[in-house]
Amino acid sequence: MIISIIPTKEDIEAIADLPHDPSIEEDDLFDYSSVVIDKPWGFEYSIYKNDMLDVWLLRLESSQQTSLHCHPGKDTSLIALSGRLSVSTLTSTHCISSGDTLRIARGAFHSTLCLSNGGALVLECETPANKKNLVRYNDRYGRRGKRYESGHFVQPRNAALHPCFYSSAMDDIHQFGDWRCKRVVLSDSQAKDAILDSVSEGSALILQGSIYCGKSRDVNSPGSVVILNQLKDGYSLAGSTCDLLLLYR
């Protein structure tokens, strides 16, 4: 299931209530590839980045919740990897579980609550990459209006505990929650039989390049999430290659 969330008039009014911080529009030049960010609700770290986007793994502890926040300058995809979650906006609530995706347009406020006793894992893709592009409207941990974490919240990463795709070979597979995860580069229709037909349930996050699925003429660009069955039914590339992050069982 893929759910789309777009800004409402309530979102526009809410962001207008907060002081404008011009620093959120500046490029974030910090290198997150070797650190973990401690959060009051758990932790997060970047598992992949290119010029178009940044992909993060989030661990939420049971009953903990992210701030009610938005990203005025970037789109966000949230893919549930394990557990059950409730994602609230200013006007609605969406309950999702492992395998479901939320596509959140820039400027839409959202907050994620973990409903599972054992915690939950979430894959977050932000397009473009800029952790500073954050506006917090409300927060149970007192972070309303505050910037993204820095200082003692930034901890060194343990490679054994925090697998990623920064230095992985193309055939490396990592297990994130209920799903195996692998980078795949599609270059022609013959690749479908060799790669996509070997997996079943799951989805694909577009990392680089663009792709059309089946008979649809809607282009899927970096940051988009598509259901694997759509790719298995046929696809065409908008360019010479398309780089995907496959999530499959």
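What volume does the largest pocket have? About 270 Å³. Keep in mind as you look around that this is a predicted model.

**Stop one: the largest pocket.** Select Pro19, His20, Asp21, Ile24 and Val135, the lining residues that lie nearest the centre of the largest pocket. They belong to a lining of 15 residues. Try colouring that lining by residue class: you should find seven nonpolar, three polar and five charged residues.

**Stop two: the second largest pocket.** Next, move to the second largest pocket, which holds about 190 Å³ of space. To see what lines it, select Ser23, Ile24, Asp28, Phe30 and Tyr32, then add Lys132, Arg147, Tyr148, Glu149, Ser150 and Val154. By class, this lining divides into five nonpolar, two polar and four charged residues. Leave Ile24 highlighted for a moment, since this residue lines the second largest pocket and is also among those nearest the centre of the largest one.

**Stop three: a three-stranded sheet.** Now switch to a cartoon view and find the open sheet whose strands come in the order β18-β17-β20, with antiparallel pairing. Select 219–220 for β18 and 235–237 for β20: these strands stand at the edges, and each has a single partner strand, so one side of each is left without a neighbour in the sheet.

For a closer look, select residues 211–213, which make up β17. Two bridges join β17 to β18, and the two strands run antiparallel. Which residue of β18 is the bridge partner of Ile211? Pick out Asn220, and you have the partner.

How values were computed
Residues are numbered from 1 along each chain as its sequence is written. This is a predicted model: local features need pLDDT of at least 70, side-chain atom pairs count only at pLDDT 80 or more; totals for chains, interfaces and linings use all residues. Side-chain values use heavy atoms; hydrogens and water are left out. Two strands pair if DSSP finds at least two bridges between them. Helices (H or I, at least four residues) and strands (E, at least two) are DSSP runs, numbered from the N terminus. On a 1 Å grid over the protein atoms alone, a cavity is a set of points where a 1.4 Å probe fits but cannot get out, and a pocket is an open set with protein on both sides within 12 Å along at least five of seven lines; lining residues have an atom within 4 Å of a point. Grid points are joined across faces, edges and corners, and a volume is the space filled by probe spheres set on the points. Ala, Val, Leu, Ile, Met, Phe, Trp, Tyr, Cys and Pro count as nonpolar, Asp, Glu, Lys and Arg as charged, and the others, Gly among them, as polar.
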